[in-house]
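This report looks at a sheet, one of its edge strands and a nonpolar core. Keep the structure in view while reading.

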Amino acid sequence: QVQLVESGGGLVQAGGSLRLSCAASGIIFRINAMGWYRQAPGNQRELVATIISGETTKYADSVKGRFTILRDNAKNTVYLQMNSLKPEDTAVYYCNVHVLSPRSLEVWGQGTRVTVSS
């Protein structure tokens, strides 16, 4: 079984920064991809950023140039550095991991709330 623990959400003013962390633990043979999604009230969950084992990254157009996804393979941890935050970034952010444990699993974190005030 694999567990994800997220941290780093909170309240910040527009233009500010936050850093989210997500640590995976349990029986992990290999992590193939790690990413962040978000869901604002009344909206569907959407992809924010992903990073795969080859360090290839993908970002939503709305966060390109402002957010950076980083991965520490030794710690099975993924980070989301969020700069120049906007009120429209307000949402619950969820960590997502594709892992071999030993079978292939997709695991979601519990979510961490980010609120950006104008």
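## Pairing and the model

Two strands count as paired if DSSP finds at least two bridges between them. The model is predicted. Strand E1 (residues 2-7) meets that condition with strand E3 (residues 18-26), because six bridges link the two. Their sense is antiparallel.

Individual partners can be named. Val2 of E1 bridges to Gly26 in E3. Ser7 bridges to Ser21 in E3.

## The open sheet

E1 and E3 belong to an open sheet of four strands. The order is E1-E3-E8-E7, with antiparallel pairing. E1 and E7 (67-72) are the edge strands, each pairing on one side only. On average, neighbouring strands of this sheet are turned by 15° against each other, direction ignored.

## Two faces of E1

Side chains alternate along E1. Val2, Leu4 and Glu6 point to one face and are buried. Gln3, Val5 and Ser7 point to the other face and are not buried. Val2 thus joins two descriptions: its side chain is buried, and its bridge partner in E3 is Gly26. Ser7 is not buried, and its bridge partner is Ser21.

## The nonpolar core

The largest nonpolar core has 32 residues. Trp36, Leu80, Met82 and Tyr93 have the most contacts inside it. Strand E9 (residues 91-100) supplies the largest share of this core, five residues.

What does Leu80 touch, not counting residues up to four places away in sequence? The list includes Trp36 and Tyr93. Leu80 also touches Leu18, Arg19 and Leu20. Val48, Ala49, Phe67, Thr68 and Ile69 complete the set.

Key
Residues are numbered from 1 along each chain as its sequence is written. This is a predicted model: local features need pLDDT of at least 70, side-chain atom pairs count only at pLDDT 80 or more; totals for chains, interfaces and linings use all residues. Side-chain values use heavy atoms; hydrogens and water are left out. Buried means under 20% relative accessible area, exposed over 50%, partly exposed in between (1.4 Å probe, protein chains only). A nonpolar core is a set of buried Ala, Val, Leu, Ile, Met, Phe, Trp, Tyr and Cys residues joined through side-chain atoms within 4.5 Å. Contact means heavy atoms within 4.5 Å. Axes are lines fitted to C-alpha atoms, for helices over the stretch in contact, and angles run from 0 to 180 degrees between N-to-C directions.
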